[in-house]
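Got the viewer open? Let's take a short walk through this one, one selection at a time.

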Amino acid sequence: MVLKGLAPSSLLTTYESERLPNVQKLINYDKDISRLMTMQLPEDWKGDPNADPNEILGTVMEEASTFTSGLSIAFDINNINVAGSFKSNLIPAPVLSGQRGPDVQLRKPGTFEATRLHKETPNVAKFYVIVFAGNPEHTSESLKELSSAWETSAMFSDGALPISWLTIPAKSGSSAYEILGVIPFGKVFYDKEQTAHLRYGVDVKGGGIFVQRPDGWIGTATALRAAACRRTRDVL
C-alpha cells in the first residue's frame with residue numbers, strides 16, 4: 001500500500017512496534033522451555049521452588065501452543081488498531097481490535113456451497129469491512145440507516161481505495177436483498193447456523209461491523225447500530 005501511494009511511509013514504523021513485543025514473548029517462551037527440558041525451573045519462576053519441572057513444562061507448552069502457531073498473537077491499540085464501540089456478553093469473548101480475525105465457515109448464496117472467511121478475504125493489500133448483519137428481523141432499521149450512509153459516502157464510492165465489503169446475515173434464502181431489506185454491502189455469505197456470529201461474539205439481534213486489516217488482524221469493530229447512527233466514515 002505504501003509503494004502504491006495508498007498509505008504514508010510512517011505506516012511502516014508500526015511493523016516493529018507491533019511485532020517486537022511478540023518476538024520477545026516468543027524468545028521468553030523458548031528460554032523457559034529450554035530450561036524446563038533440562039530439569040531447571042525458569043529464571044523468573046515465582047512459584048513453588050520445589051515444583052516438578054516436567055509438570056511446569058506441560059503447562060508452559062500448552063500456553064505457548066497457540067502463540068507459537070501465530071493464532072493468539074495480538075497487537076496493542078495504536079493508530080491502526082482502534083478501540084471501537086463493539087461490546088458483547090456472549091461466550092466466547094468477542095474478537096477485539098489487534099486480534100487475529102478467526103476463520104469461520106460460511107455459505108455462498110445460490111448454491112449454498114461451503115466456504116471459509118479467510119478464503120474470501122485473501123491478503124492482497126486491502127482492507128475488508130465485514131458486516132455481520134445478524135437477524136434482519138431485529139437489525140433491519142440499522143441496516144437501512146447504514147445503507148443510506150454508505151450509498152451517499154464520497155469516501156466509499158471511490159473505487160480506487162483498497163477496501164472490499166462483505167455482508168454476512170445470520171440466515172439464508174434465495175435473495176439476499178429480500179433477506180436484508182437493502183442492497184448488500186459487497187459480497188454476501190450466509191451464516192444460517194450462526195456459528196460465525198458466535199465466534200466473533202456478535203449477537204444476532206444487534207449485529208456488528210469488523211474492519212480487517214490487510215494482514216488479517218482486526219483494526220477496529222463497532223456495533224451495527226452505532227455505525228448506522230453515526231457517519232460511516234467516522235466509524236470506519
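How many helices and strands does the protein have? Switch to cartoon and you should find eight helices and seven strands, where helices (H or I, at least four residues) and strands (E, at least two) are DSSP runs numbered from the N terminus. Before you click further: this is a predicted model, so local features need pLDDT of at least 70 and side-chain atom pairs count only at pLDDT 80 or more, while totals for chains, interfaces and linings use all residues. Residues are numbered from 1 along each chain as its sequence is written, and side-chain values use heavy atoms, with hydrogens and water left out.

**Zoom out**

Show the C-alpha trace: along its principal axes it spans about 65 × 40 × 30 Å. Of the 236 residues, 41% count as buried (under 20% relative accessible area; exposed is over 50%, partly exposed in between, with a 1.4 Å probe and protein chains only). Now turn on contacts, meaning heavy atoms within 4.5 Å. Among those between residues at least 6 apart in sequence, 63% join residues at least 24 apart.

**Select N81**

Go to the loop between α2 (53-68) and β1 (105-107), where N81 is found. Is N81 buried or exposed? It is buried, with a relative accessible area of 0%. Show what surrounds N81: leaving aside neighbours within four places in sequence, its contacts are E18, F75, D76, S97, G98, R213, I218 and G219. For a distance check, pick T121 as well; it is 40 residues from N81 along the chain, and their C-alpha atoms are separated by 18 Å.

**Select L20, V23 and I27**

Swing over to helix α1 (residues 13-37), where L20 is found. L20 is partly exposed, at 48% relative accessible area. Together with V23 and I27, L20 forms a nonpolar patch on the surface, with about 240 Å² of accessible area in total. Areas here come from the Shrake-Rupley method with a 1.4 Å probe, and for residues only the protein chains shown count as cover.

**Select M39, then A125**

Which backbone angle should you check at M39? Its phi, which is positive at about 65° although M39 is not a glycine. M39 sits in the loop between α1 and α2 and is partly exposed, with a relative accessible area of 48%.

Last stop: A125, in the loop between α3 (117-120) and β3 (127-134). Phi of A125 is near 60°, a positive value in a residue other than glycine. At 33% relative accessibility, A125 counts as partly exposed.

Technical notes:
Patch = residues over 30% accessible without salt bridge, like charges linked within 9 Å, V, L, I, M, F, W, Y side chains within 5 Å. Salt bridge = Lys/Arg side-chain N within 4 Å of Asp/Glu carboxyl O.
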